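Below are some comments for a colleague who has the coordinates open. They take up the open spaces in the fold, one helix beside them, and a few backbone features that deserve a second look.

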Amino acid sequence: MRMANMTVAEITELLDQAELPEAILAELHTDRRVSVIRLLEKWQKRKASLTKEAARLQQLFLPEQELRRQGYECIVGVDEAGRGPLAGPLVVGAAILPFGCSLPSLNDSKKLSAAQRAVLYDEIKKKALSTKTVIVEVADIDRLNIYQATVQAMYQAIKTIELKPQAALIDAVPLPELPIPANSLIGGDGLSASIAAASILAKVERDRLMEELALIYPQYGFQNHKGYGTREHLRALAEYGPCPIHRTSFEPIKSWGGRQDAS
């Protein structure tokens, strides 16, 4: 059927496809019906957006691609969630992805909505060759300090992930004692697919832990701010004082002389 003989409804259905032969597109461009022109413009914008997103996702695999060129096939990405909050655990995630696997919208977890992270979390768990999360409790954060707690948890995640990696990509934190080649990338969760996947694993699992802790300590609103120093959280701290999951090594809890039982 020639495009000129197609109804607008039929053309709308045709343009639901992401790819169309050049001959069909050329014929659609000759259709002077205003509704068809608008439909074609929308299709072209959607196509451009999809092309841009595909290029971004391809770019995310460049650090892995470079390591593969050096002969490393099994590459682990590592990232954390929860270094900054005043309360709750730290979570480190690790992920080994099959090279070039399809994870639409994969990105730094901070640039995604909670709903997007939840979808990607399930996809990563399904498609990854191996994943691991390590939880660092508040007592260990206070004993070690947050940086050392992060470092130790990252080492543990790489050591204990089921599929043994040949190389590692880490968000920002240098791990000089790793027995495998490792690249620490500033802003790595926006540069590497493996680190982005690890960041999503860590963020989703930590958020879920904070939502569980919110049921135990409802007065602090942990389900809303996840332990970060928001206005709501600071107001609750001023009213109720610190609870057992507040970090005594962090201000202002440190100046208040530690935690109290606010359960």
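1. A pocket is here an open set of grid points with protein on both sides within 12 Å along at least five of seven lines, and its lining residues have an atom within 4 Å of a point. On that basis, the second largest pocket is lined by A114, R117, A118, K203, V204, D207, R208, E211 and K226. Please keep in mind throughout that the model is predicted.

2. The second largest pocket has a volume of about 150 Å³, and α5 and α8 each supply at least two residues of its lining. The largest share, 5 residues, comes from α8. By class, this lining holds 3 nonpolar and 6 charged residues, with no polar ones.

3. Helix α5, which covers residues 114-127, has 14 residues and reaches 20 Å from its first C-alpha to its last, close to the 20 Å expected at 1.5 Å a residue. Its buried residues are R117, L120, Y121 and I124. Seen down the axis of α5, these buried residues fall within an arc of 115 degrees, so they line one face of the helix. This pattern may be read with the general rule that an α-helix has 3.6 residues a turn, so residues three or four places apart point the same way.

4. What do the buried residues of α5 pack against? Their partners are β3 (130-136) and α8 (193-216). The face of α5 turned away from the buried side carries the exposed residues A115, V119 and K126. R117 deserves a note of its own, since this residue is listed among the buried residues of α5 and also in the lining of the second largest pocket.

5. The largest pocket encloses about 190 Å³ of space. Of the 13 residues that line it, E80, A81, G82, K110 and Y228 are the closest to its centre. Both β1 (75-81) and α8 supply at least two residues each to this lining, and β1 gives the most, with 3 residues. The lining of the largest pocket divides into 2 nonpolar, 4 polar and 7 charged residues.

6. How many cavities of 30 Å³ or more does a search of the whole structure find? The search finds 1, and the largest cavity has a volume of about 60 Å³. The residues that line the largest cavity are F61, E64, R68, E73, I75, L97, F99 and S194. By class, they divide into 4 nonpolar, 1 polar and 3 charged.

7. Two residues call for a check of their backbone angles. K226, which also appears in the lining of the second largest pocket, has a positive phi of about 60 degrees although it is not a glycine. K226 sits in the loop between α9 (222-225) and α10, and at 11% relative accessibility it counts as buried. S105 has a phi near 75 degrees, likewise a positive value in a residue other than glycine. This serine lies in the loop between β2 (90-96) and α5, and at 33% relative accessibility S105 counts as partly exposed.

8. The peptide bond from E251 to P252 is cis, with omega near 5 degrees, and P252 is found in the segment after α10 (231-240). As background to this point and the previous one, most residues other than glycine have a negative phi, and most peptide bonds are trans.

Definitions and conventions. Residues are numbered from 1 along each chain as its sequence is written. This is a predicted model: local features need pLDDT of at least 70, side-chain atom pairs count only at pLDDT 80 or more; totals for chains, interfaces and linings use all residues. Side-chain values use heavy atoms; hydrogens and water are left out. Helices (H or I, at least four residues) and strands (E, at least two) are DSSP runs, numbered from the N terminus. The expected span of a helix is 1.5 Å times one less than its number of residues. Buried means under 20% relative accessible area, exposed over 50%, partly exposed in between (1.4 Å probe, protein chains only). The arc is that of the directions from the helix axis to the C-beta atoms. Contact means heavy atoms within 4.5 Å. On a 1 Å grid over the protein atoms alone, a cavity is a set of points where a 1.4 Å probe fits but cannot get out, and a pocket is an open set with protein on both sides within 12 Å along at least five of seven lines; lining residues have an atom within 4 Å of a point. Grid points are joined across faces, edges and corners, and a volume is the space filled by probe spheres set on the points. Ala, Val, Leu, Ile, Met, Phe, Trp, Tyr, Cys and Pro count as nonpolar, Asp, Glu, Lys and Arg as charged, and the others, Gly among them, as polar.
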